[in-house]
Amino acid sequence: MNFDVEKIRKDFPLLQRTVYNKPLIYLDNAATNQKPRQVLQRMADYYENENSNIHRGTHKLSIQATTAYEQARQTVAQFIHAPAAEQIIFTKGTTESINLVAATFGERFVQNGDEILITHMEHHSNIVPWQLMCGRRGATLRVADIAEDGTLDMDDFKRKLTPKTKLVAFAHVSNTLGTINPAQQLVKLAHDAGARVLIDGAQAVAHLPVDVQALDCDFYCFSAHKIYGPMGNGVLYGKKEILEELPPYQGGGEMISEVTFDKTTFNELPFRFEAGTPNVAGALGLEAALHYIQSVGARAMHQYENDLLLYATEKLSAISGLIIYGNSPEKTGVVTFNLAGIHSYDVGTLLDKFGVAVRTGHMCTQPLTVFYGVPGFIRASFSMYNTRQEVDALADAILRSREMLL
Amino acid sequence: METISEKENKIVDEFEIYDDWLDKYNYLIEMGKDLPQIDEKHKVKQNLISGCQSSVWLYGEYRDGRVYFSADSDAVITKGIVNLLIRVLSGQTPQAIIDTDLVFIDKIGLKEHLSPTRSNGLVSMIKQMKLYALAFKTKYELKSEK
């Protein structure tokens with residue numbers, strides 16, 4: 001399929017704007033990417049024509065909205081190759097998905113003396129929920145080391161995977177380093193050791209094909225807003241036999257079957273984990289985003305992004321004094337760097353003034369700043385609508401910033 | 001001794017000659033490099049104001065009715081603004097420091113750096129400067145009024 005980036009850019013209204021009277025060069029896509037018009041229109045259309053509460057009314061609108069919401073669930077299931085739509089739980093985002101598992105899996109399966117294994121490259125949202133859960137359950141959080149190039153230390157991972165390990169949680173792709181973890185292999189190792197596995201797919205879904213059955217993971221989470229969808233919606237996929245064993249997360253409407261003041265029985269999957277009125281427009285926006293990716297061609301998009309990463313890596317590596325963190329052979333479109341002797345905040349401040357939006361700071365991965373011994377990083381992250389010309393402009397802005405700061 | 005607003009006006013005048021942001025930031029970076037060094041013994045954790053982007057160390061002392069500040073930061077642009085704040089506030093009376101609104105930052109177009117979302121330590125630094133002033137006022141001045 002022919003990948004026409006200029007045509008794609010026209011679908012993204014925000015990319016047409018300027019900052020400080022300069023064209024915006026948006027390279028903070030790992031934080032959130034921009035939304036195509038198709039997503040915005042779908043959400044507006046819902047509120048203009050279909051808005052009503054789902055799963056309860058007998059009236060036309062409610063039936064229509066319910067059908068649309070459940071169709072969105074089906075689309076998500078197909079996108080990640082889940083066996084059934086009932087295994088897709090809509091959440092607020094990856095963070096809530098992880099917290100849901102930490103709370104319910106912890107309550108049901110984690111005892112005093114058990115262990116949870118994560119890696120050194122996790123986002124805070126894949127660290128803190130486990131810490132809290134371990135505190136409540138008397139369990140221990142263990143952390144698999146990484147190597148200098150930002151890849152996982154497989155020997156250390158195997159060493160820390162013990163009969164006490166109840167759950168392994170790791171990022172499919174590191175938000176700071178771009179490292180693609182060998183997910184399938186890690187799941188196999190964890191299962192062989194008797195542990196369940198949660199994969200944080202926040203940084204993966206928009207950049208890699210994801211097949212939860214091939215991965216064989218027990219849980220997979222992601223956020224809509226990092227895959228061209230809206231903020232406030234996300235997904236938790238789980239294996240049916242495990243989801244069915246988990247206790248309820250939040251109580252409320254929608255998740256019940258029968259309520260008396262003595263006892264409540266709970267609804268079936270996935271509704272028992274979706275208490276309260278859900279973000280219907282958010283789910284429909286996510287569905288529109290997934291359709292958009294399909295219309296562009298996922299494979300062509302991945303290929304384009306990979307070419308752009310290679311170009312950016314080559315271009316930035318040529319800048320003297322520029323240090324890249326994360327040199328995994330398997331990597332997505334993220335280049336995280338520093339300029340020797342210059343603080344990341346200074347570089348980020350000047351890049352912003354040149355019209356280049358990047359992320360600076362600890363990227364919600366403070367353990368990685370300690371690992372590399374720096375106060376922060378600068379991260380340029382790419383989406384399907386970025387271009388080589390934008391990479392050139394980034395490189396030029398870095399050179400000019402360095403000149404000012406040295 | 002010049003008042004706070006006289007010092008603020010002077011800085012506004014200095015920045016007025018630059019209409020290009022590049023020149024303005026070049027000047028700010030120079031100011032950062034020229035920030036008088038803080039005594040190493042004050043550059044301790046207790047005086048550290050951590051932002052998630054950059055950090056600031058701030059130390060204040062009271063002499064003859066006035067407050068004197070010294071500070072440092074790990075980022076040079078932050079240091080430049082720290083330098084401006086010290087030029088304006090160091091050597092003033094506790095009451096003057098408590099009362100000031102520091103309007104010059106906005107006038108020279110650097111207000112964005114004082115937004116809480118920047119998380120560069122500057123917002124907390126100003127709060128901390130005012131707290132120093134308040135503490136010195138309580139400790140030295142209210143006592144003598146009795």
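**View 1. Val39(A) sits in helix α2 of chain A, which spans residues 37-50.** Helices here are DSSP runs of H or I with at least four residues, strands are runs of E with at least two, and both are numbered from the N terminus. This is a predicted model, where local features need pLDDT of at least 70, side-chain atom pairs count only at pLDDT 80 or more, and totals for chains, interfaces and linings use all residues. Residues are numbered from 1 along each chain as its sequence is written, chains are lettered from A and ligands numbered from 1 in the order in which they are written, and side-chain values use heavy atoms, with hydrogens and water left out. Is Val39(A) buried or exposed? Val39(A) is buried, at a relative accessible area of 1%; buried means under 20%, exposed means over 50%, and partly exposed is in between, using a 1.4 Å probe and protein chains only. Leaving out residues up to four places away in sequence, Val39(A) touches Tyr228(A), Gly229(A), Pro230(A), Gly285(A), Ala288(A) and Ala289(A), where contact means heavy atoms within 4.5 Å. Phe261(A) is another story: its C-alpha atom is 43 Å from that of Val39(A), with the two positions 222 residues apart along the chain.

**View 2. Tyr228(A), one of the residues that Val39(A) touches, has a positive phi.** Its phi is near 70°, and Tyr228(A) is not a glycine. Most residues other than glycine have a negative phi. Look for Tyr228(A) in the loop between β9 (219-223) and β10 (234-238) of chain A. With 0% relative accessibility, Tyr228(A) counts as buried.

**View 3. Glu254(A) also has a positive phi, near 75°.** Where does Glu254(A) lie? Its spot is the loop of chain A between α9 (240-243) and β11 (256-259). Glu254(A) counts as buried too, because its relative accessibility is 12%.

**View 4. A cis peptide bond links Leu269(A) to Pro270(A).** Omega for this bond is about -5°. Most peptide bonds are trans. Pro270(A) belongs to the loop between β12 (264-266) and α10 (280-296) of chain A.

**View 5. Chain A, the setting for the views so far, has 14 helices and 17 strands.** Its C-alpha atoms fit a box of roughly 70 × 55 × 35 Å along the principal axes. For 406 residues, a compact globule would have a radius of gyration near 22 Å, and the 22 Å of chain A agrees; the radius is taken over C-alpha atoms, and the globule rule is 2.2 Å times the number of residues to the power 0.38. Of those 406 residues, 59% count as buried. Take the contacts between residues at least 6 apart in sequence: 71% of them join residues at least 24 apart.

**View 6. Here chain A meets chain B, with 18 residues of chain A in contact with 18 residues of chain B.** How much area is buried between chain A and chain B? About 1600 Å², with carbon and sulfur atoms giving 57%; buried area is the accessible area (1.4 Å probe) that two parts lose on being put together, summed over both. On the chain A side, Tyr345(A), Lys353(A) and Met404(A) supply 42% of the area that chain A buries against chain B, more than any other three residues.

**View 7. His42(B) lies in a loop of chain B, between α2 (21-33) and β1 (48-50).** His42(B) is buried, with a relative accessible area of 13%. Apart from residues up to four places away in sequence, His42(B) touches Asn47(B) and Tyr59(B). The C-alpha atoms of His42(B) and Asp72(B) are separated by 9.9 Å, and the two residues are 30 apart along the chain.

**View 8. Chain B, the home of His42(B), has six helices and three strands.** In what order do the elements of chain B run? From the N terminus on, they go α-α-β-β-β-α-α-α-α. The radius of gyration of chain B is 15 Å, close to the 15 Å from the globule rule for 146 residues, so chain B is as compact as a globular protein of that length. Its C-alpha atoms fill a box of roughly 55 × 35 × 25 Å along the principal axes, and 48% of its 146 residues count as buried.
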